[in-house]
Amino acid sequence: MKDKRNYLSVILLSGLLFSLSSITAIAQTITGSVTDAGTGEPLPSVSVMIEGTLTGTITNLNGEYEITVRSGEDVLVFSSIGFETTRIRVGDQTRIDVSLNEDTVILDELIVTGYTIQRRADVTTAISSVPNVQQQLNRPITNVADILQGAVPGVTVIREGGDPTRESNVIIRGQGTLGFTAPLWVVDGVPYDGPRPNPRDIESIEILKDAAAAAIYGARASSGVILVTTRRGESATPRVEIDYMRGYAQAVNLPSALTAPEYQAAQTNAHLHAGDPPPAGHNPLLNPWGAVQRTDWMNEIFRTAPYDNLNARVSGQYSNLNYMTSFGYQGEEGILRNTYNQRLSWRLKTDFDVNQWLRFGQNFYLNYGNFRGTNTTSDFSGVVTAAIFMNPAAPVYDPVTTFHGSVPFELSQFAGAYGDVYNPVALLERDEGQRENFTLTGNVYGQANIMDNLRFKTTFSLLRRTNSEKRFDPIRLEIGRSTPENVLTHYEGKQFNWLWDQQLDYLQNFGRHNVSLTAVYSADYRSFEDFSVNFRGFDNEADFFRYINNAGDTSRPGSAGAWEDIMLSMVAIGNYSFDDRYFVGASIRRDVSSRLPEGNRSDIFPSLSGAWKISSERFFDVESINMLKLRASWGEIGNINSVSRTAFANPLSSSLSHLGDPPVRPLSFFANTVANPNLKWERTETYNAGIDLHMYRDRLIFTAEYYEKFTRGVILRNAPNTHQGMGSGPLINAGDVSNKGIEFSATYRGQIRQFAYSIGGNFSKNNNELLTFGDYDADVIRHGDAVRGVLFPFQSEPGQPLRSFFLIPSNGIFQSQAEIDNYTGSNGTPIQPNARPGDLRFVDVNGDGRITSADKIYMGNAIPDITYGFNINLNYRDFDFSTFLQGVAGNKNFFGYKYNAYQAAIQPYNMDRRAMDAWTPQNTNTNIPVMSTQDPNNNYGTESDWYLYDASYLRIRNVTFGYTVPHSILSRVGSGVTARFYASVDNLHTFTSYPGMDPEIGDRIDSAFYPQGRTFVFGVNLGF
C-alpha cells in the first residue's frame, strides 16, 4: 500500500508540474542566423540557450533560429561542438546574427557527470573522459571495454585472453572486495545490464572514479561508473554513414611440443632415470609407428581467423525531430578452430521537441548473439594442453571413428604409453553447441521545462534478455580418453528488468552566484529464472534425434533457479559556484534493497566535493595558463553486488535419495546454507585530491590525482559451523580493504602549417591491502584456484593484497649429491633428504630443518600495481597516422602450464619442447628439474616460486594508417560525400619476459589460456 501511495504521489506531482508549465511570461521574440566566422557558411544544429535557464532551441539547415526571451536583460548562449561558445545580451534587439570562431579551448565542453551535465572546467570530482573515442573505432574493437584499456589512468582493463566469447574485466582504482568488482555501466543516463553497446554507436565515454562522483548511482556503483553517451543526429539533412572493416587474426608466440622421435626418447630417459623399464610403446624397434612424426597439433588447432565488422547509420534532424538509427554486424572467428562470436545489433534513438518547453524521446537497442567458445583453462581437457599432451605420431582423423586416437586400434596394446589423452581437434570440432542470446533494451522519456529555471524529466527503461544453449556430446570411441555415453545439455534463462526515474532539475544564476539542484526518485525491479537439463543414452546421434524426448536415461534431475530483486532510491544533488572561482558539490542518496534483512535494507550515502579555480582569481595573471584548478572530494557509497539475493533467507537444497530394495530415488530437500539475518551493506569511502592544469590555449592539458579508497564490511562467506551440519556458512560483513594510489595524465597537441599532432600519456599506481578480517572464523582465506587439485597458490591475509601468491621460495637446482648432503638444518640433518642431483632446492624459511607449508611467504599478486598508456596522433594534409601503446607492471602470473607440460611424472603425456632443457649431468645451466617419471623431491607438486613469473608487459596495442579522400574530388560525386580508407594492426608486438603465450590473463592460473591474436584489418568509412 505504501508503494502505491508513492507512485500516486509521483503521478500527482507530475500533473501539477505540467500544469505549472503553462504559466509563461512572453517578452519578445528574437530571430537571427549563425555562421562560421572562417568560411561564412551557415551553421546548422547550433544550440541557442537563455543563460541560467533550461530554455533553448537549435538552428535549422540554413543556420537560422527563433527564440522567445523574457526581457532585454537575458543573455543568449550560442554553442556548437568545434566552435567557441558566444554569449550576447539581448537588450532591445529583435534580430541577432552571430559568427562563431573555431574552438581551440575545451574548457566549455559539456560532459556527463551522472544525472547532470557540467562544464568540464567546473567539475569538482574525479571524472575522466576517454580521449579520441571515434579514432579508436578504426581498430578491431570487439567490445566497448577494450576502448578503455590504457586510455584512462586508474582504470585497469584485463582482456580475458583471445576467446571471442569473453568480455574484458574492468577494475577502477583497485579491487575493494572479493565479490563482484565490475563497474556500473550507464548508457544515455540509464543504468544498463544488457550486452555492451555497439562501439560504433558511441559518442563519448566518461569514468566516475571516486565515491563523490559515483555516489549518485548508489549501491551498484561502488566499483565505479562508466557513462556511455550514444550518438544522435547532427545534420539538418539525412546523413548516411557506412563503416566496413575486414581483417585477419593470427596466433603468435605459441608453444611447441616434442616431435615423435623426441617424445619416445624423452619418455625412455625419464623411465630410466627413475629406474623403471621403458614402455614398449616408446621403443622404436617394437613400435616403429610411434617414431614417425605425423601431426603438429598446435598447427592443427590454431588458424588464421577472419574478422568482419559492418555498421550503417542514418541520422539527422527534421523540423523538431532528431533521429539516429544504426545497424551493426560483427563476425569474429577465433584463432582456435570452431570458436566464434557473431553479433547483430540495431538501435533507434529519437528526440522530439514539441515546443520550447516539452520534449519526448526514446532509445531502443536490439542485440542478437550467436557464439561458441572453448575450454582452455582445464588442466585435464583444456584444448591447448591437450594439443601438447597428444601423441605427435597420431594423425588427426580416422576413417572409422572420424577422429584418431593416441594409437591405431591395431596397436591398442601400446595405448598405455601415451596416457588418457584427448584428440584436441575433436574437442573443438565435435562441439556443435548452439549458444544464443537475444536482448531488448529500451527507454522512453518525457521532459518539461516547467519554468525557465525548473525542469521535470521522467524516464522508463526496460530490459528483456534470453539465453539459450543446446549442446550434444557424442560417444567417443577413439583410443585415449574415450566416452562410452552421449549426453544432451539444454539450458534456458531469461531476465526482465525495469527502471523508472523521476527527476527535477533547478538552475538559477544570482549575479556571480550559480546554483543547480537535482532530485531523483528511482524504482528498480529485476527478475531472473533459468533451468538446465542433462539427459543421456541416445540410440541415434543424428541431428534430428538430438532432443530430450529421445533420451534413454532421464534419471538425473535437472536444475532450476529464480529470483527477484527490488531497489528504491532517492537522490539529491546540489552544485554551487561563485564568480567562476569557488565550486562546491554535494549529494545524498538513500537506497532500500530487497536483498538485505528488513532492519538493514536501507542506508544513506553522502558525498561532498569542492574546487578552487586559481586561474580565475584577480591576482593570478599568467598568460600561458588557461586554467589552474585544485579540487578535493569525499564520499561514501554502498555495495549491493556482493550480496546474495537469498543471503538472509536461504532456500532449501534438493537431491535424489536412494531408498529401498529395489531402490527408488525420491527427491529430498534439506538446509545446506546458513542464513545471516544481520547482514549489512558493504560501504566504500573515498578521499580524492586533484589538480587540473590547461596551458597554451589548451595545447597542454595535465591532470593529477591522489586517492584513498576504503571498503568496509566486505562481504565474505564464513566457514560452516560443523555442529550445525551445514555444507556452507553464512555471508558476513568480515573485513576492510584499502586501495591508495596516484594518477597522472597529460596531452600536448599542436600544428605546424599543414602538420597537426597530439601526444598523450597516462600513468597510475595503486596499492591494495586487506586490512582486517573482522568476525571471519579463520586467519586467512585459502582460495580454491588450483592446478590439477594439487597446487593452490592464492591466499588472502590481513596486511597483504587480496589474492596474493603464497609460495615456498626456491634457490636453483642441486648439482651434486654433495650439495644435497650439505644442505642441512641446525641439527645436521639434510633438509631435502629425498632430493637427487637435478632437483629443485627449496628455501627453509623458518629454519626448522624441513620444507613444509610453514616455509611459504607472500610474493605479490596478479593485479598490476602500475598501468600506463601512450598515444601519438599525426595528420598531414589528407593522411593520418596513430599508434597506441599500453602496459602494466608490478603483477605476476602463476605459470601452472609447467606442471602439465614440463614433467613426465603425472602420466606419459607428450611435453613442451622446453622440457628438453631439463637438467642432466651434461646440461647444468638450466632451471628445469631433471626429467623423471618419479618425483620424490616433489619438484612439481610443491607450491613454489618456480612457477611464478613477472607478468609486466608493454604492448603495441595498435598502429593505424589512414587516408581521407579530398573534398575537391568527392564534390564531383555529390555534396557532403566523405570517404576514408585505413589499415590497422592490433596487438602488433608485446615486450615481456613472461614465458607463456600471453601475459594478460588476470588473476587466474595460466594453464595455457586462450591467447590473443595479432589482427590485421582494412577498413573504409563512407558518408553521404
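Which residues are linked with R200 in a network of salt bridges? I looked this up before anything else, in what is a predicted model. R200 is joined in the network by R231, E241, D243 and R313.

**Overall form**

I then turned to the chain as a whole. I noted ten helices and 50 strands in its secondary structure. The radius of gyration came out at 32 Å, and the globule rule gives 31 Å for 1024 residues, so I entered the chain as being as compact as a globular protein of that length. I took the extents of the C-alpha trace along the principal axes as well, and they are about 105 × 70 × 70 Å.

I looked up how contacts are spread along the sequence. Of those between residues at least 6 apart, 70% join residues at least 24 apart.

**Surface and charge**

I wrote down an accessible surface of about 43300 Å² for the chain. Carbon and sulfur atoms account for 55% of that surface. Of the 1024 residues, 53% count as buried.

For charge, I have 86 positive and 107 negative side chains. The centres of these two sets lie 2 Å apart. Side chains of opposite charge can pair when their charged atoms come close. I therefore went on to the salt bridges, of which the structure holds 53.

**Individual pairs**

I looked at D353 and R359, which form a salt bridge with the closest N and O atoms 2.6 Å apart. Are the partners buried or exposed? I found D353 partly exposed, because its relative accessible area is 23%, which lies between the 20% and 50% limits. R359 has a relative accessibility of 26% and also counts as partly exposed.

My next entry is R836 with D839, where the closest N and O atoms of the salt bridge are 3.1 Å apart. Both R836 and D839 are buried.

The last pair I checked is E1000 with R955, whose side chains meet in a salt bridge at 2.7 Å, N to O. Where in the chain do E1000 and R955 sit? I placed E1000 in the loop between β49 (978-991) and β50 (1014-1023), and R955 in strand β48 (residues 953-964). The pair links distant parts of the chain, with the two positions 45 residues apart in sequence. I also looked up their accessibility. E1000 is at 3% relative accessibility and R955 has a relative accessible area of 2%; both values are under 20%, so I entered both residues as buried.

Note on methods:
Residues numbered from 1 in each chain as written. Predicted model: local features only at pLDDT ≥ 70, side-chain atom pairs only at ≥ 80, totals over all residues. Heavy atoms only, no water. Helix = DSSP H or I, 4+ residues; strand = E, 2+ residues; numbered from the N terminus. Rg over C-alpha atoms; globule rule 2.2 N^0.38 Å. Buried < 20%, exposed > 50% of the residue type's maximum accessible area, 1.4 Å probe, protein only. Contact = heavy atoms within 4.5 Å. Areas by Shrake-Rupley, 256 points an atom, 1.4 Å probe, with all protein chains shown as cover. Lys, Arg positive; Asp, Glu negative; His and termini not counted. Charge placed at Lys NZ, Arg CZ, Asp CG, Glu CD. Salt bridge = Lys/Arg side-chain N within 4 Å of Asp/Glu carboxyl O.
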